[in-house]
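Visitor: I should like a close look at a single part of this model, together with the surroundings it packs into. Please state the cut-off behind each term as it arises.

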Amino acid sequence: MVYSLKTGSLEGKFENIHKDLIDACRQGDRAAQFKLYKLYYKAMFNTSLRIVNDTAEAEDIMQESFLDAFRMLGSYTGQGSFGSWLKRIVVNNSLDSLRRAKKNLPLEEGLNIPEHTEENLEDEINLQVGEVKKAIQQLPEEYRVIISLFLLEGYDHEEISEILKISNQLSRTRYSRARQKLLAILKENQYRNAFIYN
């Protein structure tokens with residue numbers, strides 16, 4: 001692959017390090033499928049869990065996503081990594097699960113977020129990764145989904161808008177509000193912990 005100054009990105013065919021394993025899976029080799037599953041199951045489970053926030057549901061989605069991936073392996077072109085292709089399936093299945101459960105509430109309803117919550121919060125909060133993950137689990141569903149897709153899964157707003165079928169601007173607005181809410185939760189948790197341990 002070559003970095004292009006014109007496009008500002010890597011160009012050329014992606015060389016997948018698991019190409020032989022993927023080719024064997026295309027041939028229906030069960031042992032190869034199990035090896036591929038072992039390589040990716042934990043990361044895919046965590047991706048789903050961050051979106052649906054339910055361990056049993058994330059496990060089911062992860063299993064279903066691997067079955068979908070093995071059925072659709074012919075459509076994997078090798079243009080990007082297999083892990084990215086599989087993660088997209090997991091994300092879509094996780095979002096479908098949320099939609100089926102009709103858990104979604106309009107983001108703008110019932111959430112009063114003061115506009116000033118972000119003031120100097122980042123400087124005040126001394127964070128550990130575990131604290132951030134716990135705080136993300138406390139977010140309302142649509143906030144949790146967009147924070148997970150952007151911060152933890154590495155999608156940009158263009159990709160998120162495509163995945164969630166919303167405008168790029170709405171993706172940015174939701175992310176900004178989700179970030180404000182997350183920072184407020186982190187600050188509240190930090191003060192609560194300080195009160196408990198003092």
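**A helix and its surroundings**

Guide: At 33% relative accessibility, E59 counts as partly exposed; here buried means a relative accessible area under 20%, exposed means over 50%, and partly exposed lies in between, for a 1.4 Å probe and protein chains only. The model is predicted, and local features need pLDDT of at least 70, side-chain atom pairs count only at pLDDT 80 or more, while totals for chains, interfaces and linings use all residues. Residues are numbered from 1 along each chain as its sequence is written, and side-chain values use heavy atoms, with hydrogens and water left out.

E59 is found in helix α3; helices (H or I, at least four residues) and strands (E, at least two) are DSSP runs, numbered from the N terminus. The C-alpha atoms of E59 and L49 are 8.0 Å apart, with the two positions ten residues apart in sequence numbering. I61 also lies in α3, but I61 is buried at 2% relative accessibility. Contact means heavy atoms within 4.5 Å, and I61 touches S48, V52, V90, N93, S94 and S97, residues up to four places away in sequence not being counted. The C-alpha atoms of I61 and S97 are separated by 8.0 Å, although the two residues stand 36 apart along the chain.

Between α2 and α3 there is a loop that contains N53. N53 has a positive phi of about 60° although it is not a glycine, and it counts as partly exposed at 31% relative accessibility.

From that loop one may turn to α2 and its contact with α7. The two helices pack at an angle of about 145°, with their axes 7 Å apart; the axes are lines fitted to C-alpha atoms, for helices over the stretch in contact, and angles run from 0 to 180 degrees between N-to-C directions. In this contact R50, I51 and V52 of α2 meet R144, V145, S148, L149 and L152 of α7. By class, five of the residues are nonpolar, one is polar and two are charged; Ala, Val, Leu, Ile, Met, Phe, Trp, Tyr, Cys and Pro count as nonpolar, Asp, Glu, Lys and Arg as charged, and the others, Gly among them, as polar. I51 touches R144, V145, S148 and L149, and its list of contacts beyond four places in sequence also includes V91, S94, L95 and L98.

I51 is also one of the residues with the most contacts inside the largest nonpolar core, alongside F82, L95, L149 and L164; this core has 45 residues. Such a core is a set of buried Ala, Val, Leu, Ile, Met, Phe, Trp, Tyr and Cys residues joined through side-chain atoms within 4.5 Å. At least two residues of the core come from each of α1, α2, α3, α4, α6 (129-138), α7, α8 and α9 (168-197). Helix α2 gives the most, with nine residues. In soluble globular proteins, nonpolar side chains tend to be buried together.

A polar group lies in the loop after α7. E153 sits in the loop between α7 (141-152) and α8 (157-164), and E153 is buried, with a relative accessible area of 7%. Its side chain makes a polar contact of 3.0 Å with that of T47 and another of 2.7 Å with that of R50. A polar contact is a pair of N or O atoms within 3.5 Å; within protein, one must be able to donate a hydrogen and the other to accept it, and residues adjacent in sequence count only if both atoms are side-chain atoms. Beyond four places in sequence, E153 touches T47, R50, K87 and S148.

Helix α1 also meets this region. In α1 (residues 19-26), L21, I22 and C25 are buried. They cover an arc of only 100° around the axis, which puts them on the same side of α1; the arc is that of the directions from the helix axis to the C-beta atoms. These buried residues pack against α2 (30-52), α3 (55-71) and α4 (82-100).

As for the setting of this part, the chain has nine helices and two strands, and 38% of its 198 residues count as buried.
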